[in-house]
Amino acid sequence: MDPSSPIGLASNLLSRPVKRLLRALPKKPGAAPGTLVYTGPERSEPVIVRLLEYDRDVLDERTLSHQADFHELAENARLTWLNVDGLNDLDLIQAMGSAFELHPLVMEDLVHTGQRPKFEEYDEYLFVVLRMLTLNAGGLSVRSEQVGIIIGDGHVLSFQERAGDVWEAVRERIRGASGRIRSRGADYLAYALIDAIVDHYFHILEAFAEQVESLEEEVLGSPTQETMHRIHNLRQEMFVVRRAVWPLRELANSLVRTESSLIDSGTGVYLRDVYDHTVQVMDSAETMREVVSGLMDLYLSSVSNRMNEVMKVLTIMASIFIPLTFLAGIYGMNFEVMPELGIPWAYPTLLGLMGAVAIGLLLFFRKRGWL
Amino acid sequence: MDPSSPIGLASNLLSRPVKRLLRALPKKPGAAPGTLVYTGPERSEPVIVRLLEYDRDVLDERTLSHQADFHELAENARLTWLNVDGLNDLDLIQAMGSAFELHPLVMEDLVHTGQRPKFEEYDEYLFVVLRMLTLNAGGLSVRSEQVGIIIGDGHVLSFQERAGDVWEAVRERIRGASGRIRSRGADYLAYALIDAIVDHYFHILEAFAEQVESLEEEVLGSPTQETMHRIHNLRQEMFVVRRAVWPLRELANSLVRTESSLIDSGTGVYLRDVYDHTVQVMDSAETMREVVSGLMDLYLSSVSNRMNEVMKVLTIMASIFIPLTFLAGIYGMNFEVMPELGIPWAYPTLLGLMGAVAIGLLLFFRKRGWL
Amino acid sequence: MDPSSPIGLASNLLSRPVKRLLRALPKKPGAAPGTLVYTGPERSEPVIVRLLEYDRDVLDERTLSHQADFHELAENARLTWLNVDGLNDLDLIQAMGSAFELHPLVMEDLVHTGQRPKFEEYDEYLFVVLRMLTLNAGGLSVRSEQVGIIIGDGHVLSFQERAGDVWEAVRERIRGASGRIRSRGADYLAYALIDAIVDHYFHILEAFAEQVESLEEEVLGSPTQETMHRIHNLRQEMFVVRRAVWPLRELANSLVRTESSLIDSGTGVYLRDVYDHTVQVMDSAETMREVVSGLMDLYLSSVSNRMNEVMKVLTIMASIFIPLTFLAGIYGMNFEVMPELGIPWAYPTLLGLMGAVAIGLLLFFRKRGWL
Amino acid sequence: MDPSSPIGLASNLLSRPVKRLLRALPKKPGAAPGTLVYTGPERSEPVIVRLLEYDRDVLDERTLSHQADFHELAENARLTWLNVDGLNDLDLIQAMGSAFELHPLVMEDLVHTGQRPKFEEYDEYLFVVLRMLTLNAGGLSVRSEQVGIIIGDGHVLSFQERAGDVWEAVRERIRGASGRIRSRGADYLAYALIDAIVDHYFHILEAFAEQVESLEEEVLGSPTQETMHRIHNLRQEMFVVRRAVWPLRELANSLVRTESSLIDSGTGVYLRDVYDHTVQVMDSAETMREVVSGLMDLYLSSVSNRMNEVMKVLTIMASIFIPLTFLAGIYGMNFEVMPELGIPWAYPTLLGLMGAVAIGLLLFFRKRGWL
Amino acid sequence: MDPSSPIGLASNLLSRPVKRLLRALPKKPGAAPGTLVYTGPERSEPVIVRLLEYDRDVLDERTLSHQADFHELAENARLTWLNVDGLNDLDLIQAMGSAFELHPLVMEDLVHTGQRPKFEEYDEYLFVVLRMLTLNAGGLSVRSEQVGIIIGDGHVLSFQERAGDVWEAVRERIRGASGRIRSRGADYLAYALIDAIVDHYFHILEAFAEQVESLEEEVLGSPTQETMHRIHNLRQEMFVVRRAVWPLRELANSLVRTESSLIDSGTGVYLRDVYDHTVQVMDSAETMREVVSGLMDLYLSSVSNRMNEVMKVLTIMASIFIPLTFLAGIYGMNFEVMPELGIPWAYPTLLGLMGAVAIGLLLFFRKRGWL
């Protein structure tokens, strides 16, 4: 019961700064729009550009150098998926932006890593920003990474903050020559990427559900202040999830309703499926939030209850022995004239009286339901 | 007052995992859409397919083998109701899906048992997902089972997670040759199935209302921490109901407004009735939720109040006897020169003084309203 | 301060079951729609059918037998108001339904007494369900009774659960030959009935407002746990009112906007007035709800405060006398060598020291603001 | 610390009945619509009708008798503003109503003083009901008075519950011959009246803001239960303001959007300004509400904190002196064989031990941060 | 632990009055619309008017005298940006208003410094009001300044309450001859100004996020009542931010959707970007609000927990030593006949018994988990 321990523990649990929640600092206020400023955490790993180029028959997969001729790729007849891991090489982004004719504001958004998920329609391409959530080691907190996706005519560009993603299964489906994905366009590929991100949210929620269960057991068993810290922590993680998921509904809805020629009518039913999953994630996240609130209530009521228990013990002990001590104190006085002191049966009688008082009080407490 | 008992009790009450609330894990993220993965709990009972085939005059009811010729059934002139109990036989689902020309995403949804209730219109059929709620043994918790219903032209397919449902009365009406149901189409049959599910929600709510009443009595009588656990538990069960009911409103509304030729205009008034019932269930569930919240407030105020009672007893006992003990202590001192000790009437005077102090304090407490 | 009293009192206050709130159990799930099942409380009084038939000049008022020829009444040229008190005579309902050509679902709704207020348009009539609220004896709780109104061409049918209603004044206006009501149609009569029900809600709210005031006085004076029970009780009664009132807004709005030829354009301004009153009732109910919540907060803060007072008294008493008792205890010890005991002025000095300690502590507590 | 004082104070503060909040009792339920029943508080002052008649050049201002020829005024070519102070002279209202051809329901609403603010369009006039708020003496509570305004073609009728209003400045502008108001129509005059009422709300809010500040100081300083009562009181006053302000938004919006020919297109921009102010008042009221909630939280946390302080003092005093008293008690026993009693250095040693125990406990408490 | 310190500290923290939140007092109620009344805080600095006049090639930047010929500037062929620092020179505002033909209500709004952010379309110009937030020294509170922007054909007028703004970077871009801003119109300049204000909100939120983090550490470490005051203070600052940000969404939306010819179609994409940032700010502010609420919960639970700790120590100490003192008291009595007193091994036996009682109680407390 070292009172300093909660800090130690807490700083462990709460290692992630609140600022992470809010990391949305845009360009210097007043700077020209389209000014590229990378706002993510500093990183030293090299930026990697991976190309996947395929049609029904041919598949080409390779890592590009930063001086690659992106203009040539933009003209490519086969479906081209360019994936960028790392957003801190602003020259590269600029080169790709000019090759694929991206609007300066789009490029600005790609590297401003605190974007809210959104969907924007441009004449030549669609621009989707969403957040890829992954569990940190330990599974207690979530890493929220911005992902920008450009859906063009015959190409998909995807921009991630870091290497490592939830798209390995999509790549496998492309590599496996027979999948539906090989015979469909950029819109279907983009759908597959978005779908993988959304589906992964369920895994995050599942990990949290396990935490909730273990917390529930703790709260029902012997909760400590540490339990409260863990609940607090989980609640904060839920905020991260919520900020990623909430705007998705509108995004998915816009995707379903867009009339852009870049979305094939056959892809509509799949986008509607993404929309359904989004709503389901929101729903689950909301339920989880309420369950966590319920845990907090339970915790507080349990603290109250234990205080009650403690007070009852104190009250019972003090109420019984303080009057008895008083009685003993009376006959410990040194008055010269205290006739009782000389009576031979006075002592056992007093002991009997004391016993009666104690038993009377015990009965009183039992009647009150305190015993 | 065994402090460990709450756990025992609680684990009894809270046997159902939070994960059940959230069981919505879709296919492996990134896997191709339409990949059939059964996500319900493991089960060993065989999957059963029951056929009910009828028109105004003839009724045929039998259990099908898994190798049945579903294509033939799809061509059937009479109204065909195929009910599948158990979703873990993916080959069977695949066979039925291909016979009735279901979209791969529909089949995926049928076996992903964490779906949110929804309504989807396809050209050849309508697809409804909802949740059938039944009470577990003991009546303290709810079992939420996914039910998928396909309304086609001349056939209804229904898919449940388990044998046992709320449709026996519908079957009876079909068997009774004279019912309106025998002379109407697939839309009316589907209405009857949905209606039975929705109406059953009222039974769930009634069982909960009984729990609420018994909890209210407990809270007003002598609530314990266990009472709080039961309130918490009920609140969580309400979440399960809510997740089943909330999306139903939109679903029922879409059903009423659909312009699909699969819904006969004469069925509209019945669907509007389902919509009304749905709103009523939501309304009742919402009221119940607020009543339960009120119970929680009442419980907490009762805990505070009892703490107050405990503290009052302690304060009264301690405040009266501690000063008296001090007085006795004074005359228990062994100073050589304590003139009072030699006075013969000092002892009875002191006893009188002590009585006066005690009575004075009692009056003070009574004036405060503590006695 | 008998700890068992709250139950006695509470069971008095909370006599009305929560189930009353939720009484909405429909037909047996899966039964055919239009199955008439009376769901209200059992009743032994006979069902009474009263007829009021009038035009500008003539008025006929009588009680009908259950075998009356309703078909003839349906053809009546004068305005016909049939009022049914009691819904448990299903044959009667059936006979009326067939005479006035009511849809089976309408008849089902008429006798299912847990309906949510609603408005439904049929070709030949309009169907309104609402809830008539009356105060129970004692004025502490509300009786919510379902009222169904059919507005036909030249007739109004009204169905109540029980004899006794808020329509006497309307009947008086009809009996008084000169009223506007005698020269107008079924729509105006229906308006008058609905208006009377809605206006009566204000009386309910007024009775509650009086309770709120008396509760406020109690909370500000000397609140007990019983006060909390009364607040809880009032809150639950507010739920009953809310469930009656909330859906009314939509209902009144639909009535105002209906394009049915059964509503005369001149009646529109009156229906708009009903709508205004509905909004006003909702508004008042909402305010009342917040006032009651405020009372609860006030109550809880007052409990905290009184606990604080109790603790202060305990702390002051114990903090002053426990150290003094210790001092007395010192000189009550029987060591052979305790030089102080022999000093003649030691005893008065010690007494002085004890007084100084007591005064010092009192000053300390006063500085803290505890005295 | 007189426990009865809160009541005295509170009844002072809470003099205003909750019923005032809800005073909206309409005509006797079931009475004919258009029945004039004055529902405000009883009043003995005479009802005063003031006429202001003007055009660009001429101004006539006088008090009318109750038998004035209102029909003539209705035909007046100059702009006519009739202001009625007091609503209890129903004959007068009737006479005015018939001269200006008001609908019976409008007259009913004019004298039912619990109306919710609303806007109604009739063919010949517009009808606005709103609430004029003024501070009661002492500035602690708000008086909410119903104001009805009829905007006709060439005349404005205004009906107040009492003499005394916020329109003196408007009258001054009319009297000053040069103002814009003299050359514009009834719509502009009505705008000026409504604008004055809405602008006055800001003064109410300012007075409340001062209260909030003084309460905040109190809560941060040394809050008492009385502080809580004042917070409660302020919260209730906010309800009065809210009920006046909330419906105004819709009202102002309808005024802006009305296509009635009675509103000149040039007045539109002024009405939009009223709308802006309305939104601003709502916004401020909402912020105030949240600030007051924050105060309540702060108050409760401060009560908890002070309880904590009290308990710490008790714990420290009791924990130090109870063990020491026990030690003294040991050597106060009268056993014949207690070898320590005879050792000469036993007494100072015991005193030293006692000091060590006390210091040890003090260090322990300091380490805990309780000292 | 000086109980008076919270006030000192708090008055430090809460120096900013609640009234600042609500400073929205309009003109004297009833005064003519368009009456110019400066409502900001008194200021003695001179009002400064700065002119920036430019086209692609030429740039002219100077400070104007108050007698400048604004009419001439209004006719200027080059893009003219007039920025006014200080709103208390009403003659100047009047002169500018007449030169640029502003509506009297617009001028009124410009100098009424409590405006809610809004967007108004006039034929000849657009009028935008928003709030520029800057951190006060210390970074603990926010200064909210009203900014009015008039977007005319070829000119932008901006009105601030004070010198000092967030637009230096915009001025730099204009001075740098090559920027896009030099070749675009008044709409783009206005966009740049609004964008700078909105982007600056993120800096405010970041400063608050740092406060939140330090508060979180405090709450998890050793929170005091002062911590609560800081949380309260932060919450109030969040209200200021919220009042500035909330109405912005609608404003930005209107800007995006306006069909005014004053907004070039090419500027639309930039305005949409402003809209996105606005939504993001709202989102972040909302998350922050919830995090702060979470902190409050954590603080309260921590106060409860510490109270629990305190009570446990008291209970353990009192429960162990009070019974022991009683035992000692028994054998301190002076009865003549107390046989135990003569038994030589009675004293050590009693000491042993006392030890056993103490150990038994310690074991009991340990089993309860209190040790």
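Is B:E216 buried or exposed? B:E216 has a relative accessibility of 5% and therefore counts as buried, the cut-off being under 20%. The model is predicted, and this briefing treats the interface of chain C and chain D, the relation between these two copies, and selected residues of chains A, B and D.

**Extent of the interface between chain C and chain D**

- On the side of chain C, 75 residues are in contact with chain D, where 72 residues take part.
- The two chains bury about 6300 Å² between them, and carbon and sulfur atoms account for 64% of this area.
- Within chain C, the residues that lose the most area to chain D are C:L220, C:F326 and C:F335, which together make up 11% of what that side buries.

**Polar and charged pairs across the interface**

- Seven salt bridges are found across the interface of chain C and chain D.
- A salt bridge joins the side chains of D:K118 and C:D276, with an N to O distance of 2.7 Å.
- Polar contacts between chain C and chain D amount to 17 residue pairs, with both residues at pLDDT 80 or more.

**Make-up of the chain C side**

- Four helices of chain C each give two or more residues to the side that touches chain D: α6 (168-175), α7 (186-220), α9 (268-330) and α10 (346-367).
- Of the elements of chain C, α9(C) gives the most to this side, namely 37 residues.
- Sorted by class, the side of chain C that touches chain D holds 37 nonpolar residues, 19 polar residues and 19 charged residues.

**Relation between the two copies**

- In general, a rotation about an axis and a shift along it relate two copies of a chain.
- A turn of 72° with a shift of 0.1 Å along the axis lays chain C on chain D, and the RMSD is 0.1 Å.
- The two copies are thus related as by a five-fold rotation axis.
- The C-alpha of C:G332 is the nearest to the axis in chain C, at 4.6 Å from it.
- Chains C and D use different surfaces in their contact, since 16% of the contact residues of chain C recur in chain D.

**Helix α6 of chain D**

- The buried residues in helix α6 (residues 168-175) of chain D are D:A169, D:V170, D:R171, D:R173 and D:I174.
- These buried residues of α6(D) pack against four strands of chain D, β1 (48-54), β2 (59-64), β3 (79-85) and β7 (155-160), and against helix α7 (186-220) of chain D.
- An α-helix has 3.6 residues a turn, so residues three or four places apart point the same way.

**B:E216 and its partner in chain C**

- B:E216 lies in helix α7 (residues 186-220) of chain B.
- The side chain of B:E216 forms a polar contact of 2.9 Å with the side chain of C:H232.
- B:E216 is thus a buried residue, at 5% relative accessibility, whose side chain is joined to that of C:H232 in chain C.

**Positive phi at residue 101 in chains A and B**

- A:E101 is not a glycine, yet its phi is positive, at about 55°.
- The position of A:E101 is in the loop between α4 (90-99) and α5 (104-111) of chain A.
- A:E101 has a relative accessible area of 60% and is therefore exposed, the cut-off being over 50%.
- In chain B, B:E101 likewise has a positive phi, near 55°, in a residue other than glycine.
- B:E101 is placed in the loop between α4 (90-99) and α5 (104-111) of chain B.
- With a relative accessible area of 60%, B:E101 is exposed.

Key
Residues numbered from 1 in each chain as written. Chains lettered and ligands numbered in written order. Predicted model: local features only at pLDDT ≥ 70, side-chain atom pairs only at ≥ 80, totals over all residues. Heavy atoms only, no water. Contact = heavy atoms within 4.5 Å. Buried area = accessible area lost by both parts, 1.4 Å probe. Salt bridge = Lys/Arg side-chain N within 4 Å of Asp/Glu carboxyl O. Polar contact = N/O pair within 3.5 Å; in protein donor to acceptor, adjacent residues only side chain to side chain. Nonpolar A, V, L, I, M, F, W, Y, C, P; charged D, E, K, R; others polar. Buried < 20%, exposed > 50% of the residue type's maximum accessible area, 1.4 Å probe, protein only. Least-squares fit on C-alpha atoms with pLDDT ≥ 70 in both.
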